Amino acid sequence: MKQTEQQRQAAPQAAGVVIEAAAGKIWAAVVRRNGSGFERTYQATFDLKEGLESIVEQIARQAGGAGMPIVVGLESSRLRFLEMTLPPVDATRLPLLIRTQAEAQLPLGGDQMQLAWRMSPGAQGVDCTVAAVRRDTSGELLDRLGIYGPVTAVVPDAAGFAQLRLRFFSPTPQTCVVLRQRADGFAVMLLEGASLVRCAVIGVEPSEAAKHPALAMQDIVMELDAIEKKCGRKVPICLWPGDEPFIQIAADSLRHAGWEAAALEANQGALEQAKLGDQTKLFSPSLDAAGLAILALSETTPGFDFLQVRRMAQPLEDAKKQKTQRVRTLGIIVLLLLLCVAVDHWSLKLQVSQLSRELAAEADGVKAETLLQRQNYQEAAARARLDVLELTETIQNSREGLVLDSLEFEMKKPVKLTATAGDYAQVYGFQKRLETQNGVSAVRLIDPRMDERTKQVRFTMQFHYKHFTK
Amino acid sequence: MKALTQRDKRAIKLMAAAAVLIVGYFGVFEPTLKSYRTLRSERDRLQKQLNRLTGIQSGVGAVQFKALSERVPVLEMPVEAALQGVRFRDELTRQLQKAGIQAKTLQLCDNRGKRQDGFALLTVDVGGRCSYESMLRLLGDLKRNPYYVGVEKCILRVDAKNRNEMTFQLAVFTYAK
């Protein structure tokens, strides 16, 4: 459900969620209005595997704030900020223009990244700072997030600190750079009032940085130079927490290089009143989550809102229309499928009845069914019928001078014949000729014996004939 | 009453969809599929029968049918065993007489319920003595017996003294319902 700006600003409480994809965790905090200030009422850590949507529901359930605005913060170390100048163009053409320029500056295709931006009037057109996130873990989470669901904005997590700076820290210039030590490195944030303008995270372990400050300082100075180029002047730098070893080294180094650098002091009283006091020295993303919750309740329009960009690409009406269209298309497909099945079924029935009619038709007073039965019977009889004449003819064809004495045939037994020949050669010749006859196989000569009285050879021969003897 | 969360609503929707799917499957889809399969097999069976009938009019089917008709030129569809046996025996007797063979034995056997090709098997055993030509006449004429199906046994022994004479033992069979 889309929350209007008025509903958001009037909400009694809101939630902030920070995604730390590298740690596989999600930090959440719920903040409620307390007079003119804010008070944290809930904080929790979740496993990223549980899924953002499920976690959002859990937060709403556990904090008793169904329907409250929720701002999601993407870890700034996964974001890349780009500067570009755009010609004054129609707002509808902006996304394409920004994407094209981002593609030119980053070694990624348009479909491999998600973009969000913040614009300010420039000398030559419009100055635009673009935050780009690769479509990996965080990007996929964003893709799955309903753009008109309970989450009202998806911004860099540093946007939370931008809210905290004005409320819970000692006064600082309206526009300043905050160098903040985090668990995963150092964040260099350019802040303008309660808004984040630009952010970079130098990914060096704080303990390592304290040992070898030069390398970390090199990266920090590069980012500060980029900020100086963008602002056209050296912006004052606030460092927090001021008592950390590297932060002290960095402050000295920056001052030495001509920057106006001072430690940022936390207002412990205000922090404790908002029940945030215990987190100040822990660098916990929970603090940023509380800042994001305050952002959700504040009048500040969040910059770098990835969700807003997606909404621009797909307005609510369009989303509804698209959903309706999808349902309609699905319905039509299902309907067509059902129609196909019904037509096929009907045509099958038609075919069966047509065939039945044809087979039931009578020709010369005889039904097709009767004819088929006769044909089946005829085939069965033909299979079972031995043509004895054909068998005797087969034997006669091979005889050549032999005298046949008997012929025995019995179903499933070899054919047996006895005969008399003039000599053995005649017997063997007969066997060979018989073997070549069609349907005859496995010819065996059994007991050929010369009759001394008649000087003739009497013998018995067995063979298989077609399928009848097997 | 506590309002339903999105998760609860989604679970209810999923359960409802699953219930609809299950009921739809067993109530509509499965019976339709079964009827569809029955119809298909019925259609295939009828089509096969029609193809057999029409196939004998031309091509390979016609050649096969001609060969079949030569092997079994006449036939009567089998009837009850008692009637079929008598008809077969009588026709065989007539054929023996026509061939000029005086059978010494002629007996109809019921084969105790033996079946072949889905039919009861009835055998007639004939034995006797005849000339070579008579036997050839009988063997040639057998397929004109509309009840005759095949030869179960055939033993021919030529008389050593008169080679034109032979003793024979013939068991021919018919099919009955």
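# Two chains, one chat

Biologist: In which strand of chain A is A:Asp447 found?
Modeller: This is a predicted model, so keep that in mind as we go. Look along chain A for the stretch covering residues 440–451, which takes in A:Asp447. That stretch is strand β18.

Biologist: What is the phi of A:Asp447, roughly?
Modeller: A:Asp447 isn't a glycine, yet its phi is positive. Its relative accessible area is 45%, so A:Asp447 counts as partly exposed. As for the angle itself, phi is about 50 degrees.

Biologist: Is A:Lys455 buried or exposed?
Modeller: A:Lys455 is found in the loop between β18 and β19 of chain A. Its phi is positive too, near 60 degrees, though the residue is not a glycine. The cut-off for calling a residue exposed is over 50% relative accessible area. A:Lys455 has 53% relative accessibility, so the label is exposed.

Biologist: The peptide bond from A:Trp240 to A:Pro241 caught my eye; is it cis or trans?
Modeller: Start with the place: A:Pro241 lies in the loop between β12 (237–240) and α8 of chain A. Then check omega for the bond from A:Trp240 to A:Pro241, which is near -5 degrees. That makes the bond cis.

Biologist: How are α7(A) and α8(A) oriented to each other?
Modeller: In chain A, helix α7 spans residues 213–231 and helix α8 spans residues 245–256, and their axes are 11 Å apart. α7(A) passes α8(A) in a right-handed crossing. The two helices pack at an angle of about 55 degrees, and angles from 65 to 115 degrees would count as roughly perpendicular, while those under 35 would be roughly parallel. This pair fits neither label, so the word for α7(A) and α8(A) is oblique.

Biologist: Which residues are linked with A:Glu83 in a network of salt bridges?
Modeller: Searching the whole structure turns up 31 salt bridges over all chains. Some of them link up into a network that includes A:Glu83. Its partners in that network are A:Arg198, A:Glu223 and A:Lys230.

Biologist: Which helix of chain A holds A:Glu57, in the pair with B:Arg10 that joins two chains?
Modeller: The side chains of B:Arg10 and A:Glu57 meet in a salt bridge, at 3.8 Å from N to O. B:Arg10 sits in helix α1 (residues 6–55) of chain B, so the pair joins two chains. A:Glu57 is buried, with a relative accessible area of 12%, while B:Arg10 is partly exposed at 41%. The helix of chain A that holds A:Glu57 is α2.

Biologist: How far apart in sequence are the parts that A:Asp157 and A:Arg182 tie together?
Modeller: These two side chains meet in a salt bridge of 3.6 Å, N to O. A:Asp157 lies in the loop between β8 and α5 of chain A, and A:Arg182 belongs to strand β9. Both ends are tucked away: A:Asp157 is buried at 1% relative accessible area, and A:Arg182 is buried at 6%. Along the sequence, the separation is 25 residues.

Biologist: Which two strands of chain B do B:Arg129 and B:Glu165 lie in?
Modeller: The side chains of B:Arg129 and B:Glu165 meet in a salt bridge, 3.8 Å from N to O. B:Arg129 is partly exposed at 35%, and B:Glu165 is partly exposed at 22%. The pair ties together parts 36 residues apart in sequence, and the two strands are β3 and β5.

Biologist: What is the C-alpha to C-alpha distance in space between B:Arg129 and B:Val158?
Modeller: B:Arg129 is in strand β3, as we just saw. In sequence, B:Arg129 and B:Val158 are 29 residues apart. In space, their C-alpha atoms are separated by 9.7 Å.

Biologist: What pattern does chain B follow along the sequence?
Modeller: Count the elements and you get four helices and five strands. Of the 177 residues in chain B, 33% are buried. Read along the sequence, the pattern is α-α-α-β-β-β-α-β-β.

Biologist: Last one: what is the area of the nonpolar surface patch made by A:Ile332, A:Leu336, A:Leu339 and A:Val343?
Modeller: Take A:Val343, one of the patch residues, which sits in helix α12 (residues 316–360) of chain A. Its relative accessibility is 46%, so A:Val343 counts as partly exposed. Together, the four residues make a patch of about 370 Å².

Terms used
Residues are numbered from 1 along each chain as its sequence is written. Chains are lettered from A and ligands numbered from 1 in the order in which they are written. This is a predicted model: local features need pLDDT of at least 70, side-chain atom pairs count only at pLDDT 80 or more; totals for chains, interfaces and linings use all residues. Side-chain values use heavy atoms; hydrogens and water are left out. Patches are made of residues with over 30% relative accessible area and no salt bridge: like charges are joined within 9 Å, nonpolar side chains (Val, Leu, Ile, Met, Phe, Trp, Tyr) within 5 Å. Accessible areas come from the Shrake-Rupley method with a 1.4 Å probe; for residues, only the protein chains shown count as cover. Buried means under 20% relative accessible area, exposed over 50%, partly exposed in between (1.4 Å probe, protein chains only). Axes are lines fitted to C-alpha atoms, for helices over the stretch in contact, and angles run from 0 to 180 degrees between N-to-C directions. Angles under 35 degrees count as roughly parallel, over 145 as roughly antiparallel, 65 to 115 as roughly perpendicular and the rest as oblique. A crossing is left-handed if the near helix is turned anticlockwise from the far one by less than a right angle, and right-handed if clockwise.
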